[in-house]
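Subject: Structure for your files

Hello,

Here is the structure I said I would pass on. My notes on it follow below.

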Amino acid sequence: MPNIKSAKKRLRQSQAKKVTNLAIKRELRRDCRSVRLACKEGNIEAAEANFRKACKHMDQAASKSIIHKNTASRVKSRLSACVKAAKALKNA
């Protein structure tokens, strides 16, 4: 436990940020799951809508350094490939 006043405040701040960041990460995982599920079910419209929402949240989290920017890019790329594959499967 910190003894210095500023260290105590920093601890409180970091604990509050941890709760917020975990909630945002949970939301990101939920968004990604919804895209993959929509692709699996063949619901292209829902997949595209969820993909746009997921990309927006990924970019926001990356800009706030909640996740690394390369991680956001990698996940967005994989989700995009999933949506494209579902489209190709539906059109074939």
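The accessible surface of the chain comes to about 6900 Å², and 53% of that surface belongs to carbon and sulfur atoms. Please keep in mind that this is a predicted model. Of the 92 residues, 24% count as buried.

Overall form

The chain has 3 helices and 0 strands, and its pattern along the sequence is α-α-α. The C-alpha trace spans about 65 × 20 × 15 Å along its principal axes. The radius of gyration is 18 Å, whereas a compact globule of 92 residues would have a value near 12 Å. Among contacts between residues at least 6 apart in sequence, 59% join residues at least 24 apart.

On charge, there are 25 positive and 6 negative side chains. The centres of these two sets lie 14 Å apart.

The core

In soluble globular proteins, nonpolar side chains tend to be buried together. Here the largest nonpolar core has 20 residues, and those with the most contacts inside it are Val-35, Cys-39, Phe-51, Met-58, Ile-67, Leu-79 and Val-83. Three elements give two or more residues to this core: helix H1 (5–41), helix H2 (44–63) and helix H3 (69–91). H2 gives the most, with 8 residues.

Two residues from that list can be followed through their contacts, leaving out in each case residues up to four places away in sequence. Val-83 touches Val-35, Cys-39, Ala-47, Glu-48 and Phe-51. Glu-48 is thus one of the residues that Val-83 touches. For Cys-39, the residues touched are Ala-47, Cys-82, Val-83 and Ala-86. Ala-47 is in contact with both Val-83 and Cys-39.

Cys-39 is part of helix H1. Is Cys-39 buried or exposed? Cys-39 counts as buried because its relative accessibility is 11%, and the cut-off for buried is under 20%. Ser-14 is 25 residues from Cys-39 along the chain, and the C-alpha atoms of the two are separated by 37 Å.

The loop between H2 and H3

Ser-65 lies in the loop between H2 and H3. Its phi is near 60°, which is a positive value in a residue other than glycine. Ser-65 has a relative accessible area of 63%, so it is exposed; the cut-off for exposed is over 50%. How far apart in space are Ser-65 and Asn-21, C-alpha to C-alpha? The distance is 9.6 Å, although Ser-65 and Asn-21 are 44 residues apart in sequence.

Lys-8

Lys-8 is also worth a line. Lys-8 is found in helix H1. With a relative accessible area of 41%, Lys-8 is partly exposed, as that class runs between the buried and exposed cut-offs of 20% and 50%. Setting aside neighbours within four places in sequence, Lys-8 is in contact with Pro-2 and Asn-3.

In brief, this is a predicted model of a chain with 3 helices and 0 strands, and its largest nonpolar core has 20 residues.

Regards

Methods. Residues are numbered from 1 along each chain as its sequence is written. This is a predicted model: local features need pLDDT of at least 70, side-chain atom pairs count only at pLDDT 80 or more; totals for chains, interfaces and linings use all residues. Side-chain values use heavy atoms; hydrogens and water are left out. Helices (H or I, at least four residues) and strands (E, at least two) are DSSP runs, numbered from the N terminus. The radius of gyration is taken over C-alpha atoms; the globule rule is 2.2 Å times the number of residues to the power 0.38. Buried means under 20% relative accessible area, exposed over 50%, partly exposed in between (1.4 Å probe, protein chains only). Contact means heavy atoms within 4.5 Å. Accessible areas come from the Shrake-Rupley method with a 1.4 Å probe; for residues, only the protein chains shown count as cover. Lys and Arg count as positive and Asp and Glu as negative; His and the chain ends are not counted. The place of a charge is taken as NZ of Lys, CZ of Arg, CG of Asp or CD of Glu. A nonpolar core is a set of buried Ala, Val, Leu, Ile, Met, Phe, Trp, Tyr and Cys residues joined through side-chain atoms within 4.5 Å.
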